[in-house]
Amino acid sequence: CTTNLCSAMEAKQNSVFKFMQQHDTQFVIPVYQRNYDWRNEQCQQLMADILSVGSDDTAQSHFVGSVVYLQTSITSNPTYLTIIDGQQRLTTLTLVWTALQRRAKEWGEDRMADEINRRYLINEYQDEGAKMKLHPIKKDDDALRHLLSNDASPWNGGFSRLIENFQFFYDSITPQTLQSVRKGVEKLVFIDVALERGKDDPQRIFQSLNSTGLDLSQADLIRNYVLLDLDPKKQEVLYENYWAKIEENTQEQSRKESRLSDFIRDYLTFKFRDIPNKDKVFVTFRAKHPIGNDKNLLELLGDIRRYSLWYGRFINPDTEPNANIREQLHLIARTSTTVAYPFLLEVFRDYDDGNGSITAADMVRVLELVQSFTFRRFLCDLPTNALNKIFATLYRDVSPDNYLPSLEASLAQRQGKHRFPTDDEIERQIAVKDMYNSKSHNRTYFLER
C-alpha cells in the first residue's frame, strides 16, 4: 500500500482457503456496505479462472484481488472481522463453496461435503447468530441462510443476486469437474490487508478506494459517510428504518438496478437549486450535510426516505395508486424525461401532503405539461442542456394559491433557447423533422401521441 492512509495496516499474501477456514471467525459485512451485485459475466470469468488453475497441475496460484478488514475484538469468541473492502469476492467465493458442498453431497462425496461445510461455511460450535462464516447485510443474509440450510424448496424471498449466482455455480459443476473446481478454489490467493484498530481510519480508507479504480457509486460513499462512524447497534437501526427503505424505493424493478445515486443528485438539486456533477454527488452531499448530532441525522434520513417514495413512482410507475397519474408517469418514463424529476419531487410532495394546493386532476395536467414542454423542444431541436437549469429552479415560480396557471405562465413566458415552442412552430417542424432516424423511444411516443 503506497498511501499515507496505510501506515499502520499490515498487508500480506494469503490463500482463500486458509483465510476462510479460520476457526470460530465470522466475516461481517457492515450495513453501510453496498449490496452484493456481481453479475453473471463476472461469475463466468471467476469459474473459468478456477477451472483453468484447478486442472493445471503446474499452476501454483491465481490472484483474485484484495480483502481489507478490521478486527472488531481480539478477545471475543467468535472473532469478528469487519470487511471494509472485498465483500463481493468473499460472498461470491462463499457461493462457490456452497455449490461445491451441495454437489459433493449429491454425488456421494460425503467427506468432502462435510469438510467444506465445517471449514468454509459454518462455525460448527457457535450459536445461531454466529453460525455462518459470512454474515452479509440483511437483504443478502436471508438468501444465504436459505442456501446453507440445504432447503430443497424454491427461494421465495424475491430477486436475489446470491440465489441467481449460486444457481450459476451449481449448474457449472459437473461430476467430471468437481475435483478441478475444488483444487482451483484452493489455489486462489489475495492480498490480505488487516487494519489496526486505533491507528487506521476505516472511513477514510473506504472513501479513498473510489479513487483507486474500484466501482464504488456515489450512493455507496454517502451510505458509508452516514453510517460508518456510528456504533454497530445504531447502524443496524438506522439502516433497517431508513437506508434499506430508501434503497428499496429507488430500485428500478424492471431492470433490478439501483437508481439511488441519481435520486440523491435530484434531491440535492431541488434542495439547493444547483445541479451537482454526477461524479461529485457525494462531495456535494457531505458539504451540504455535515453529520453532527443524532437529531439532525434522523431528520435528514427521514426527509430523504420521504422523497424516495415519490421518486420510486417515477421509475416504477405501476406503484402509483391513481390510474390517471400512473398513465402519465408511464409516458414520462418512456421518453426518459428524467431531467424533470427534481421539479416533480416537489410537486408530488404538495400533492401527497393533501393541503389542497394541487388535486389529482392538476397533477395529471402538470405531467402533461412537462411532456409537452420537453417534447416540443425536442421537435424544434432546442438545446437539451437548458432543461437542467429550467427544472432545477422552476418550482420557485409556482404559486400555492394559483398552482397550475402560475406554472403555465412561467413556462409560456420563457424566451430564446428556454422557450416553450408554439403550435405554429410545431406545425412547421413536423413537416421537416426526420422522425424515422430519431431514437426509438421518441419515435414511438410521437406516433402514439
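Visitor: In this predicted model, which strand and which helix each supply at least two residues of the lining of the largest cavity?
Guide: The lining of the largest cavity is made up of Val16, Val64, Val67, Arg89, Leu90, Leu93 and Phe190. The elements that each supply at least two residues of that lining are strand 3 (62-71) and helix 3.

Visitor: How many residues does helix 3 give to the lining of the largest cavity?
Guide: Helix 3 spans residues 87-106, and among the lining residues are Arg89, Leu90 and Leu93. Helix 3 thus provides the largest share of the lining of the largest cavity, namely three residues.

Visitor: How many nonpolar, polar and charged residues does the lining of the largest cavity have?
Guide: The search of the whole structure finds one cavity of 30 Å³ or more, and about 50 Å³ of space lies in the largest cavity. Sorted by class, its lining has six nonpolar, no polar and one charged residues.

Visitor: Is phenylalanine 190 buried or exposed?
Guide: Phenylalanine 190, one of the residues lining the largest cavity, is found in strand 6 (residues 188-195). Leaving aside neighbours within four places in sequence, its contacts include Val16, Phe63, Val64 and Val67. Because its relative accessible area is 3%, and the cut-off is under 20%, phenylalanine 190 counts as buried.

Visitor: How far apart in space, C-alpha to C-alpha, are phenylalanine 190 and asparagine 14?
Guide: Asn14 is among the residues in contact with phenylalanine 190, as are Lys12, Gln13 and Ser15. Although phenylalanine 190 and asparagine 14 are 176 residues apart in sequence, their C-alpha to C-alpha separation is 5.6 Å.

Visitor: With which side chain does the side chain of arginine 103 make a polar contact?
Guide: Arginine 103 lies in helix 3 and is buried, with a relative accessible area of 12%. Not counting residues up to four places away in sequence, arginine 103 touches Tyr170, Asp171, Ile173 and Leu178. At 3.0 Å, its side chain makes a polar contact with the side chain of glutamate 106.

Visitor: Which helix gives the most to the lining of the second largest pocket?
Guide: The second largest pocket holds about 800 Å³ of space, and of the 29 residues that line it, the closest to its centre are Thr335, Ser336, Thr337, Thr338 and Val339. Helices that each supply at least two residues of this lining include helix 11 (260-272), helix 15 (341-353) and helix 16 (360-379). By class, the lining has 11 nonpolar, 11 polar and seven charged residues. With five residues, the helix that gives the most is helix 16.

How values were computed. Residues are numbered from 1 along each chain as its sequence is written. This is a predicted model: local features need pLDDT of at least 70, side-chain atom pairs count only at pLDDT 80 or more; totals for chains, interfaces and linings use all residues. Side-chain values use heavy atoms; hydrogens and water are left out. On a 1 Å grid over the protein atoms alone, a cavity is a set of points where a 1.4 Å probe fits but cannot get out, and a pocket is an open set with protein on both sides within 12 Å along at least five of seven lines; lining residues have an atom within 4 Å of a point. Grid points are joined across faces, edges and corners, and a volume is the space filled by probe spheres set on the points. Helices (H or I, at least four residues) and strands (E, at least two) are DSSP runs, numbered from the N terminus. Ala, Val, Leu, Ile, Met, Phe, Trp, Tyr, Cys and Pro count as nonpolar, Asp, Glu, Lys and Arg as charged, and the others, Gly among them, as polar. Buried means under 20% relative accessible area, exposed over 50%, partly exposed in between (1.4 Å probe, protein chains only). A polar contact is a pair of N or O atoms within 3.5 Å; within protein, one must be able to donate a hydrogen and the other to accept it, and residues adjacent in sequence count only if both atoms are side-chain atoms. Contact means heavy atoms within 4.5 Å.
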